[in-house]
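Q: I have a fold on my screen and want to learn how to read it. Can we take it feature by feature?

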Amino acid sequence: MEKSALVLPASWGTSFAVGSNEHIRRDAARRGDFNILHHNTDAARRNKLDDIVAPGTMTIDKIGAAIGTRLQGVMVHEIYLKFTKPLYAGSAPTILYEVVRQRRISAEMKVTVINGDDLVGTGSCGLLLPRW
């Protein structure tokens, strides 16, 4: 079995802007996600939220894109993320990545999402490494 020549960084972080309420609505609609919590402020407030919330898939997409950009040739084959707090318009969360295990052709990363001082989500990501 070939060994990957890729050396993963031990840890790094990326940030992104959630955007406005209108951006959240457009992003959710583009994904085919018509959950009322992403589109209707009154419904979100009836559910004890401050306003509409960004879809979780927005954060998951950012994770996949950041890994693909930073680690050229790597394939993300699994992402697990448990959200503990919502992301609202105007948020600018940071995603922290930490390699917890690297094998010849695979790796596992710990993923932590923070927004300011708030923990927004935690999880893991499985990677398939290139066989160069």
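Q: In what order do the five strands form the open sheet, and is the pairing parallel or antiparallel?

A: First, the ground rules. This is a predicted model, in which local features need pLDDT of at least 70 and side-chain atom pairs count only at pLDDT 80 or more, while totals for chains, interfaces and linings use all residues. Residues are numbered from 1 along each chain as its sequence is written, and side-chain values use heavy atoms, with hydrogens and water left out.
Now the general idea. Strands of a sheet pair through backbone hydrogen bonds, either parallel or antiparallel. Here two strands pair if DSSP finds at least two bridges between them. Strands (E, at least two residues) and helices (H or I, at least four) are DSSP runs, numbered from the N terminus.
In this model the order is β1-β3-β4-β5-β2, and the pairing is antiparallel. The edge strands are β1 and β2, each paired on one side only. From one strand to the next, the twist averages 20°.

Q: How is an angle such as that twist defined?

A: Axes are lines fitted to C-alpha atoms, for helices over the stretch in contact. Angles run from 0 to 180 degrees between N-to-C directions.

Q: Which pattern does the chain follow along the sequence?

A: Read it from the N terminus as β-α-α-α-β-β-β-β. That gives three helices and five strands.

Q: Over how many bridges do β1 and β3 pair?

A: Five, in the antiparallel sense. Find two positions by eye: T14 stands opposite I95 in β3, and S11 stands opposite E98 in β3.

Q: How many residues lie between β3 and β4 in their hairpin?

A: Three. The two strands pair over eight bridges, again antiparallel. As a landmark, L96 stands opposite T112 in β4.

Q: Is T112 buried or exposed?

A: Relative accessible area decides. Buried means under 20%, exposed over 50%, and partly exposed in between (1.4 Å probe, protein chains only). T112 has 16% relative accessibility, so it counts as buried.

Q: Which residues is T112 in contact with, leaving aside its neighbours within four places in sequence?

A: Contact means heavy atoms within 4.5 Å. By that test T112 touches T94, I95, L96, L119, G121 and T122.

Q: How far apart are the end C-alpha atoms of helix α3, and what span should its 15 residues have?

A: The expected span of a helix is 1.5 Å times one less than its number of residues. For α3 (residues 56–70) that is 21 Å, and the end C-alpha atoms are 22 Å apart, which agrees.

Q: Which residues of α3 are buried?

A: M58, T59, I63, A66 and I67. Look down the axis of α3: these buried residues fall within an arc of 165°, so they line one face of the helix. The arc is that of the directions from the helix axis to the C-beta atoms.

Q: What do the buried residues of α3 pack against?

A: They pack against β1 (11–15), α1 (21–30), β2 (75–83), β3 (94–102), β4 (106–115) and β5 (118–128). The helix lies across β1, β2, β3, β4 and β5, and runs at about 145° to β2.

Q: Where is F83, and which residues is it in contact with beyond its neighbours within four places in sequence?

A: F83 sits in strand β2. Its contacts are G56, T59, V120 and G121. At 33% relative accessible area, F83 is partly exposed.

Q: What phi does K48 have?

A: K48 has a positive phi of about 65°, although it is not a glycine. Look for K48 in the loop between α2 (41–46) and α3. K48 is exposed, at 76% relative accessible area.

Q: Where is V7, and is it buried or exposed?

A: V7 is in the segment before β1. At 72% relative accessibility, V7 counts as exposed.

Q: What are the figures for the whole chain?

A: The C-alpha trace spans about 55 × 30 × 20 Å along its principal axes. Of the 132 residues, 38% count as buried. Among contacts with a separation of 6 or more, 63% join residues 24 or more positions apart.
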